[in-house]
Amino acid sequence: MGKHLPDFAEPRWFVCHTKPRCEKKFDELLARESFDHYLPLIESVRRYGTQKKIFTKPLFPGYVFAQITPDRKTRIYQGNLLVRALMVENEPVFLRQLADVKAVCASGFEAALHPLVRKGTRVRVSGGPLNGLEGYVDDPANPRGIVVSVDVLQQGLLVRLPLESLHPLP
């Protein structure tokens, strides 16, 4: 039997997965509907020749966090901005982590996403001369490279790569 949503009248937190580049519009919709919500934003600097432009962008592209009561959940689907909304299972842990994210965003320090990779995680390289190459993470303490297997020799090549070029495989 599928997961039954609890019969709750209290608002619950949801991770709202938006359509691409719709985070700010969805944030505005949640504000208009008076939902408690949070869209973590960070400053980004782009250089165009000699000019420098500063703008804000979502820390987690495609995601906004919202607290929703079940009787009003259908309101978040207006405007065709949302792909799906997933209810947060462990709200105490989520709220602690959300407080940490808010503190980082408010600090003014530069922040960037850092994928959680563990020893043995299979990854694919995107971009550069090794684009498409697959391997696995060797050292979880310093996951900045992958091991490319050469099974017939029972050997592997450790290739040091920038973490942002590694993407976990399903």
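**Exercise 1.** Where is Asn 80 found, and is it buried or exposed?

*Solution.* Step 1: Asn 80 is found in the loop that runs between strands S5 and S6 (strands are DSSP runs of E, at least two residues; helices are runs of H or I, at least four; both are numbered from the N terminus). Step 2: the phi of Asn 80 is positive, about 55°, although this residue is not a glycine. Step 3: Asn 80 is exposed, because its relative accessible area is 54% (exposed means over 50%, buried under 20%, partly exposed in between, with a 1.4 Å probe and protein chains only).

The model is predicted: local features need pLDDT of at least 70, side-chain atom pairs count only at pLDDT 80 or more, and totals for chains, interfaces and linings use all residues. Numbering starts from 1 along each chain as its sequence is written, and side-chain values use heavy atoms, without hydrogens and water.

**Exercise 2.** Describe the loop position, phi and accessibility of Ser 34.

*Solution.* Step 1: Ser 34 lies in the loop between H1 and strand S2 (36-38). Step 2: Ser 34 is not a glycine, yet its phi is positive, about 60°. Step 3: Ser 34 counts as exposed, since its relative accessibility is 61%.

**Exercise 3.** Which elements give two or more residues to the largest nonpolar core?

*Solution.* Step 1: this core (buried Ala, Val, Leu, Ile, Met, Phe, Trp, Tyr and Cys residues joined through side-chain atoms within 4.5 Å) has 16 residues, and Cys 16, Phe 26, Leu 30, Ile 68 and Ile 76 have the most contacts inside it. Step 2: the elements are strand S1 (12-18), helix H1 (23-32), strand S5 (63-68) and strand S6 (82-87). Step 3: another core, of 10 residues, lies apart from it and includes Trp 13, Leu 59, Phe 94 and Leu 98.
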